Amino acid sequence: MAGQPSAVVGAAPTEAALLTYCDDATGERSALTAHQLGDWAGRCAALLRDGCGLRPGDRVAVLLPPHWRTAAVLIGAWSVGLSVSFRPRALAGLPVLEPGADRPYDAVFVTPERLDDWLEDVPDGTHRYLVGTGAEPLAEVPPGWLDWSAEVLRHPAAAPDLAALQPSDPASPDGTSYGEWGALAKAVAEQLDLRAGDRLLVDVAEHEQPLKWLLAPLAAGASVLLCANLDRARLDARIAAERVTRVL
């Protein structure tokens, strides 16, 4: 199916897979190698830079759960120097306490479920994308929004020309720099005792921040298994089948 990666054919469950997403409620399992994830991130970078005309320092809001598509959006946005706010959520009617929150973001990414949740205040954005987390295409896209999975495929998978970034440049609207995020990722990886070659299983319901499920593992050279609707009764079997070395 277009827009959906498949498991590594003819390989053991963890062979060559950098990021794997599975859903115990639906049985979905998608595995991406580093090259495949890079392709999707490259497409997203091109969408933002060439399709939306965004430039380094422009602001992007990402209201998405841990998922391989979320990883592609985040890596793609950062690779072209955008300032990313991850889940700038607030209860309806309450302000988002973030610099520049009084004006629209340059791009917004949100799931259909969050868009329809009256408890959440989805920020305004100049370019607005719905990002599904299921295997099937989105059944309906409301006016004013675009289907990310369809739009991103209009752009090449080749890695983009990276922005000339400095470690001191802001990676998020609160001013946290790329260098500071990198140092935090290394520190978290050390706290989790992550090492190169480890396989980290993450319960996505418990750990939503990409610092733990994406940046720290990448900093350590570990691969990631994201589990949605994790069935605790099957956890030991999944750990054995997926060759997991760490559980978060």
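Immediately after helix α6, Gly221 adopts a positive phi of about 80°. The structure described here is a predicted model, and the helix that precedes this glycine is considered before the wider fold.

Helix α6 spans residues 210-220 and is mostly covered, with eight of its eleven residues buried. These buried positions are Pro210, Leu211, Trp213, Leu214, Leu215, Ala216, Pro217 and Ala220. Their packing partners include both helices and strands: the buried residues of α6 lie against α2 (68-79) and α5 (178-191), and likewise against β1 (19-23), β4, β8 (199-203) and β9 (223-228).

Strand β4, one of the elements packed against the buried residues of α6, also belongs to an open sheet. This sheet comprises five strands in the order β4-β3-β5-β6-β7, and the pairing is parallel. The edge positions are taken by β4 (83-86) and β7 (146-147); each has a single partner strand, so one side of each is left without a neighbour in the sheet. Within the sheet, strand β3 (residues 59-63) runs parallel to strand β5 (residues 105-110), and four bridges join the two. In this pairing, Val60 is placed opposite Ala107 of β5.

The environment of Ser83 was examined further, as a residue of strand β4. Ser83 has a relative accessibility of 4%, below the 20% limit, and therefore counts as buried. Its side chain reaches the backbone oxygen of Ser172 at a distance of 3.3 Å. When residues up to four places away in sequence are not counted, Ser83 touches Gly57, Asp58, Arg59 and Val60, together with Pro170, Ala171, Ser172 and Pro173. Two residues already named recur in this list: Val60, which stands opposite Ala107 in β5, and Ser172, whose backbone oxygen is reached by the side chain of Ser83.

At the level of the whole chain, the secondary structure amounts to seven helices and ten strands. The protein chain has 248 residues, of which 50% count as buried. Among contacts with a separation of 6 or more, 69% are made by residues 24 or more positions apart. The exposed surface of the protein chain comes to about 11600 Å², and carbon and sulfur atoms supply 54% of this area.

Definitions and conventions. Residues are numbered from 1 along each chain as its sequence is written. This is a predicted model: local features need pLDDT of at least 70, side-chain atom pairs count only at pLDDT 80 or more; totals for chains, interfaces and linings use all residues. Side-chain values use heavy atoms; hydrogens and water are left out. Two strands pair if DSSP finds at least two bridges between them. Buried means under 20% relative accessible area, exposed over 50%, partly exposed in between (1.4 Å probe, protein chains only). Contact means heavy atoms within 4.5 Å. Accessible areas come from the Shrake-Rupley method with a 1.4 Å probe; for residues, only the protein chains shown count as cover. A polar contact is a pair of N or O atoms within 3.5 Å; within protein, one must be able to donate a hydrogen and the other to accept it, and residues adjacent in sequence count only if both atoms are side-chain atoms.
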